[in-house]
Amino acid sequence: HQWQVDYRAIWDDSGDVQDPVPGRFIFVRKAKMYPDGRLLVIFSAWSTTPYGYGIAMLDRDSQILWKDFRYIHHSFDQAEDGRIYALDQRVISSANDDYPDLEPPYLDDGVATYTAKGEFLSRFSLLDAFHKSEFKDVITFLAAKNSGQGLGDLLHANDVDVLSTGLADKYSFAKAGDLLVSLRQIDSIAIIDPETTTVKWFVKGYWRRQHDSDFLANGNMLIFDNFALRRSKGGQYTSKVIEFDPETMAIVWKYEPTGDEEFFTPARGSQQRLPNGNTLITESNRARVFEVTPEGEVVWEYFNQTRLGPDEMRVPGIFWATRY
């Protein structure tokens, strides 16, 4: 089955996105399929800041059921009560008394909450969530890191995962409904209580520019390490997928290339632990999706065969894949 939507045909000026870039720069970043054929999607755009372009629910025939044009970007997840948590961002162009060392303009990453029917409920800032917590010194680090650069992409949140009731007793530092958020710019992940909007657990790991942090049924976590701290035998950068124990930070399992095998995507990338114990991996920039066993054996793989550009050397990236 295939869904298709023309963003410019559904856009209106009711939300934050006021002047969209041309349609060729706009794409679906992530989607969730429902049993009745509905599809929850978020839009993104190249060549613009902020780059999140909203969220929408489509029926199986690609008709819009609801939509909201906030700067929703990268990722979302849905809790057991139906609430949808989506990453969003705002441009802060004036100084904030709470963060006097942060030089504007900068991006304020946050989490927007919707009902299952698409009604906007609330939004909180990730910077505020740190400021209210015992990890408030993270903001001081951000200010020093961003000083003089003028880039303003302080956290670059790129994933949010809701802890389900069935897994909550596996994690001593979190409760059902808490959010696991990946923060690429500081190579870190955090647990946030959406009720108090406060960071309650935070770790800076041995990964770099990571994506897609997941809770696992065994109490571990799974993460896509984009720039693994090693190179292949050919001297190229590599990526890897890591399963680790968040209590001890010990690596329990990993998938990484061996020999001359290529596995590297400097941006994006995702993984999914499957019921049979295998792991589905999306190597975005090489347009590759593949499944590996716990022993690291590749049991099948798919490459996007489309080629574009000079000498057909470019491939359309695959942002996200999910096994149903």
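**Strands, sheets and charged pairs in a predicted model**

Strand 14 (residues 221-225) is largely enclosed by the rest of the structure, because five of its five residues are buried. The model described here is a predicted one. Within strand 14, the side chains alternate: Met221, Ile223 and Asp225 point one way, Leu222 and Phe224 point the other way, and all are buried. Strand 14 also has partners to pair with. Strand 13 (residues 211-215) runs antiparallel to strand 14, and three bridges join them. One of the places to look for this pairing is phenylalanine 215, whose bridge partner in strand 14 is methionine 221. Strand 13 and strand 14 form a hairpin with five residues between them, and in the turn glycine 219 has a positive phi of about 90°. Strand 14 pairs with strand 15 (residues 240-244) as well, in the antiparallel sense and over five bridges. Here leucine 222 has glutamate 243 in strand 15 as its bridge partner.

Phenylalanine 215 leads on to a buried acidic residue. The backbone nitrogen of phenylalanine 215 is reached by the side chain of aspartate 161, at 3.0 Å. Aspartate 161 belongs to strand 9 (residues 157-162). Although aspartate 161 is buried, it has no salt bridge. Lysine 30 is the nearest side chain of opposite charge, and it is 7.0 Å away; a salt bridge requires a side-chain nitrogen of Lys or Arg within 4 Å of a carboxyl oxygen of Asp or Glu, so this pair does not qualify. The surroundings of aspartate 161 can be traced through its contacts: leaving aside neighbours within four places in sequence, these are Asp77, Asp178, Leu179, Leu180, Ser213, Asp214 and Phe215.

Strand 9 is also part of a sheet. This is an open sheet of four strands in the order 9-10-11-12, with antiparallel pairing. Strand 9 and strand 12 are its edge strands, each pairing on one side only. From one strand to the next, the twist averages 20°. Five bridges link strand 9 and strand 10, which pair in the antiparallel sense. In this pair, aspartate 159 has serine 182 of strand 10 as its bridge partner.

A second open sheet has its four strands in the order 17-18-19-20, and the pairing is again antiparallel. Its edge strands, each pairing on one side only, are strand 17 (270-273) and strand 20 (298-303). The twist in this sheet averages 15° from one strand to the next. Strand 17 and strand 18 (residues 279-283) run antiparallel and are joined by four bridges. Arginine 273 stands opposite threonine 279 in strand 18.

Earlier in the sequence, strand 6 (residues 84-92) offers another set of pairings. Strand 5 (residues 72-78) runs antiparallel to strand 6, with four bridges joining the two. Phenylalanine 76 faces alanine 86 of strand 6 across this pairing. The hairpin of strand 5 and strand 6 has five residues between the strands, and glycine 82 takes a positive phi near 95° there. Strand 6 is further joined by nine bridges to strand 7 (residues 106-114), and these two strands run antiparallel. Aspartate 88 has glycine 110 in strand 7 as its bridge partner.

Charged side chains add another kind of link. Side chains of opposite charge can pair when their charged atoms come close. The count for this model comes to 17 salt bridges. One of them is between aspartate 187 and lysine 204, at 3.8 Å from N to O. Aspartate 187 sits in the loop between strand 10 (179-183) and strand 11 (188-193), while lysine 204 is in strand 12 (residues 198-204), so the pair ties together parts that are 17 residues apart in sequence. With a relative accessibility of 12%, aspartate 187 counts as buried.

Other salt bridges can be picked out in the same way. Arginine 286 and glutamate 283 meet through their side chains at 3.2 Å, N to O. Glutamate 283 counts as buried because its relative accessibility is 0%, whereas arginine 286, at 27%, counts as partly exposed. Glutamate 256 forms a salt bridge with lysine 254, with the closest N and O atoms 3.2 Å apart. At 40% relative accessibility, lysine 254 counts as partly exposed. Finally, a network of salt bridges links Lys175, Asp178, Asp193 and Lys200. Asp178 is also one of the residues in contact with aspartate 161.

How values were computed. Residues are numbered from 1 along each chain as its sequence is written. This is a predicted model: local features need pLDDT of at least 70, side-chain atom pairs count only at pLDDT 80 or more; totals for chains, interfaces and linings use all residues. Side-chain values use heavy atoms; hydrogens and water are left out. Buried means under 20% relative accessible area, exposed over 50%, partly exposed in between (1.4 Å probe, protein chains only). Lys and Arg count as positive and Asp and Glu as negative; His and the chain ends are not counted. A polar contact is a pair of N or O atoms within 3.5 Å; within protein, one must be able to donate a hydrogen and the other to accept it, and residues adjacent in sequence count only if both atoms are side-chain atoms. Contact means heavy atoms within 4.5 Å. Two strands pair if DSSP finds at least two bridges between them. Axes are lines fitted to C-alpha atoms, for helices over the stretch in contact, and angles run from 0 to 180 degrees between N-to-C directions.
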